[in-house]
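This briefing goes through one protein chain for a reader at the bench. The topics are salt bridges, fold, strand pairing and the main pocket.

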Amino acid sequence: WQQTTQLSQWFDRLFEKGWEAVEMGFAQPQVAWRTGRKTKPSVLGTGAIERVKSINFKAASEAVALLVRLQPKSNSEVGICLEVRPTGTQTHLPQALQLMVLNDSDNAVMQAQTKGSQTMQFEFDGELGEKFSLRLVLGEESLTELFVI
């Protein structure tokens, strides 16, 4: 059983375990951005929220940081940005890391693979109640983060 991240609750400041404030992420080496970019809430725009989570690949002893940024568009629509960055002292994402955004039927609607990339990002809009997931694949290991808007 895997916990689903309830994104709409983030606007009420209700966050699931593992999702840290970006400012906290900068203080922790395992989720520190190498670029030194610090995003302040005022830069994000009215009502925008962002959180960061460390994703650990056990088999490859690799970790990446997943940043999720939400921007309200209307009463029922939310702009979503999923960004994956290296962690700690790493300057690039693991080679051949694959990312896929899947719809609620588990069909890939967006996908990309790293080739020495420093960051990977997907941006899209979604409706309240809509479900999607982000699958990260590195070698034989596949990790999936489940979301509902």
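How many salt bridges does a search of the whole structure find? The search finds 6 salt bridges. The model is predicted, and every value below is computed from it. The chain has 149 residues, and buried residues make up 43% of them.

**Salt bridges**

- E50, R69, E83 and R85 are linked in a network of salt bridges.
- Within that network, E83 forms a salt bridge with R69, and their closest N and O atoms are 3.5 Å apart.
- This pair links distant parts of the chain, with E83 in strand β5 (residues 77-86) and R69 in strand β4 (residues 62-72), 14 residues apart.
- The side chain of E83 also meets that of R85 in a salt bridge, at 2.6 Å from N to O.
- Outside these pairings, K73 forms a salt bridge with D125, with 3.6 Å between the closest N and O atoms.
- K73 lies in the loop between β4 and β5 and D125 lies in strand β8 (residues 120-127), so this pair ties together parts that are 52 residues apart in sequence.

**Burial of the charged partners**

- Are E83, R69 and R85 buried or exposed?
- E83 has 3% relative accessibility, and therefore counts as buried.
- R69 also counts as buried, at 18% relative accessibility; the cut-off for buried is under 20%.
- R85 is buried as well, with a relative accessible area of 12%.
- D125, the partner of K73, is partly exposed, with a relative accessible area of 41%.

**Overall fold**

- The protein chain contains 3 helices and 10 strands.
- Along the sequence, the elements follow the pattern β-α-β-α-α-β-β-β-β-β-β-β-β.
- Among contacts with a separation of 6 or more, 55% are between residues 24 or more positions apart.

**The open sheet**

- Which strands make up the open sheet, and in what order?
- The sheet has 5 strands in the order β2-β3-β4-β5-β8, with antiparallel pairing.
- Its edge strands are β2 (20-21) and β8, each of which pairs on one side only.
- D125, described above as a salt-bridge partner of K73, lies in the edge strand β8.
- Inside the sheet, β4 and β5 pair in the antiparallel sense over 9 bridges.
- L66 has V84 in β5 as its bridge partner.
- The salt bridge between E83 and R69 also joins these two strands, since E83 is in β5 and R69 is in β4.

**Strands β6, β7 and β9**

- Strand β6 (residues 98-103) runs antiparallel to strand β7 (residues 108-113), and 5 bridges join them.
- The hairpin of β6 and β7 has 4 residues between the strands, and D106 there takes a positive phi near 70 degrees.
- β6 also pairs with strand β9 (residues 131-138), in the antiparallel sense over 6 bridges.
- What are the partners of V101 in β7 and β9?
- The bridge partner of V101 in β7 is M110, while in β9 V101 stands opposite L134.

**Largest pocket**

- The largest pocket has a volume of about 260 Å³.
- Its lining consists of 15 residues, and Q2, K53, I55, T144 and E145 lie nearest the centre.
- β3 (49-57) and β10 (141-148) are the elements that give two or more residues to this lining.
- How does the lining divide by class?
- The lining has 3 nonpolar, 6 polar and 6 charged residues.

Technical notes. Residues numbered from 1 in each chain as written. Predicted model: local features only at pLDDT ≥ 70, side-chain atom pairs only at ≥ 80, totals over all residues. Heavy atoms only, no water. Pairing = 2+ DSSP bridges. 1 Å grid on protein atoms, 1.4 Å probe; cavity = no way out; pocket = protein on both sides within 12 Å on 5 of 7 lines; lining within 4 Å. Points joined across faces, edges and corners; volume = space filled by probe spheres on them. Nonpolar A, V, L, I, M, F, W, Y, C, P; charged D, E, K, R; others polar. Salt bridge = Lys/Arg side-chain N within 4 Å of Asp/Glu carboxyl O. Buried < 20%, exposed > 50% of the residue type's maximum accessible area, 1.4 Å probe, protein only. Contact = heavy atoms within 4.5 Å.
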